[in-house]
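Me: I would like to learn how to read a protein model step by step. Could you take me through the one below and explain what to look for?

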Amino acid sequence: MIKGYLATVILFGAVMGAVLNGMLSMSGRMDREGAETLRSAIARASVQCYAIEGRYPPSVRYLEENYGIRIDWNRFYVYYEGFASNIMPDITVVSISEE
């Protein structure tokens, strides 16, 4: 009888471990996809700014203020480095949870 309970507890623990592992894996994938979606939106807004104003935006804050970009600064680090106003800036978005 104790062997039956022990086997049930071990099986339950294994199932819960597998479920937890799956949830953590899905969460990580969602963070990566969210970062890529945000990077793509920033790049599109930068190109739109260049088309309208004739220069790439000086900062991501400029895109937030003038082009409707919304960044959850609690979830993502955004690295936006522009060399010149006529060269597409380097844009990197990293999920804070990945660090």
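The dialogue that follows goes from the overall layout to single residues.

Me: Which elements does the chain contain, and in what order do they run?

Reply: Keep in mind from the start that this is a predicted model. A good habit is to list the elements before looking at any side chain. Here the chain has two helices and two strands, and from the N terminus on they run α-α-β-β.

Me: How many of the residues are buried, as a percentage of the chain?

Reply: Of the 99 residues in the chain, 25% are buried. The accessible surface of the chain comes to about 7200 Å², and carbon and sulfur atoms account for 60% of that surface. You can also look at how contacts span the sequence: among those between residues at least 6 apart, 40% join residues at least 24 apart.

Me: What should I look for when I search for a core?

Reply: The general idea is that in soluble globular proteins nonpolar side chains tend to be buried together. In this model the largest nonpolar core has 17 residues, and those with the most contacts inside it are Leu-38, Ile-42, Leu-63, Ile-71, Val-78 and Val-93. At least two core residues come from each of α1 (2-53), α2 (60-67), β1 (76-81) and β2 (90-95), and α1 gives the most, with six residues. To see one member in its setting, take Ile-71, which touches Leu-38, Ile-42, Val-60, Glu-64 and Val-78 when residues up to four places away in sequence are not counted.

Me: How do the two strands pair, and which residue in β2 is the bridge partner of Tyr-80?

Reply: When reading a pair of strands, settle their relative sense and then match up individual residues. β1 and β2 pair in the antiparallel sense over six bridges. Within this pairing, Tyr-80 has Ile-91 in β2 as its bridge partner, and Glu-81 stands opposite Asp-90.

Me: Which side chains of β1 point to the buried face, and which point to the other?

Reply: Read along the strand one residue at a time, and notice that the side chains of β1 alternate. Phe-76, Val-78 and Tyr-80 point to one face and are buried, whereas Tyr-77, Tyr-79 and Glu-81 point to the other and are not. β2 likewise has a covered face, made of Ile-91, Val-93 and Ser-95, and an uncovered one, made of Asp-90, Thr-92 and Val-94.

Me: Is Glu-64 buried or exposed, and why?

Reply: Glu-64 lies in helix α2, and it counts as buried because its relative accessibility is 15%, while the cut-off for buried is under 20%. Its side chain is joined to that of Trp-73 by a polar contact of 3.2 Å. Leaving aside neighbours within four places in sequence, Glu-64 is in contact with Ile-69, Arg-70, Ile-71 and Trp-73. The buried residues of α2 are Val-60, Tyr-62, Leu-63, Glu-64 and Tyr-67.

Me: What can I find at the start of α2, and what follows this helix?

Reply: The ends of a helix deserve a separate look. At the start of α2, a side-chain oxygen of Ser-59 reaches to within 3.4 Å of the backbone nitrogen of Arg-61. After the helix comes Gly-68, whose phi is positive, near 75 degrees.

Me: Where is Ser-46, and which residues does it touch?

Reply: Ser-46 is in helix α1, and it is buried, with a relative accessible area of 0%. Not counting residues up to four places away in sequence, Ser-46 touches Tyr-56, Pro-57, Leu-63, Tyr-80, Met-88, Pro-89 and Ile-91.

Me: How many aromatic pairs does the structure hold, and how should I describe one?

Reply: The structure holds three aromatic pairs. To describe a pair, give the distance between the ring centres and the angle between the planes. Tyr-50 and Tyr-56 form a stacked pair, at 4.4 Å centre to centre with 20 degrees between the planes. In this pair Tyr-50 counts as partly exposed at 32% relative accessibility, whereas Tyr-56 counts as buried at 13%. The rings of Tyr-77 and Tyr-79 have their centres 6.5 Å apart and their planes at 40 degrees, so this pair is tilted. Tyr-77 is partly exposed, with a relative accessible area of 34%, and Tyr-79 is also partly exposed, at 44%.

Key: Residues numbered from 1 in each chain as written. Predicted model: local features only at pLDDT ≥ 70, side-chain atom pairs only at ≥ 80, totals over all residues. Heavy atoms only, no water. Core = buried A, V, L, I, M, F, W, Y, C linked by side-chain atoms within 4.5 Å. Buried < 20%, exposed > 50% of the residue type's maximum accessible area, 1.4 Å probe, protein only. Helix = DSSP H or I, 4+ residues; strand = E, 2+ residues; numbered from the N terminus. Contact = heavy atoms within 4.5 Å. Pairing = 2+ DSSP bridges. Areas by Shrake-Rupley, 256 points an atom, 1.4 Å probe, with all protein chains shown as cover. Polar contact = N/O pair within 3.5 Å; in protein donor to acceptor, adjacent residues only side chain to side chain. Phe/Tyr/Trp six-rings, centres within 6.5 Å; stacked < 30°, edge-to-face > 60°.
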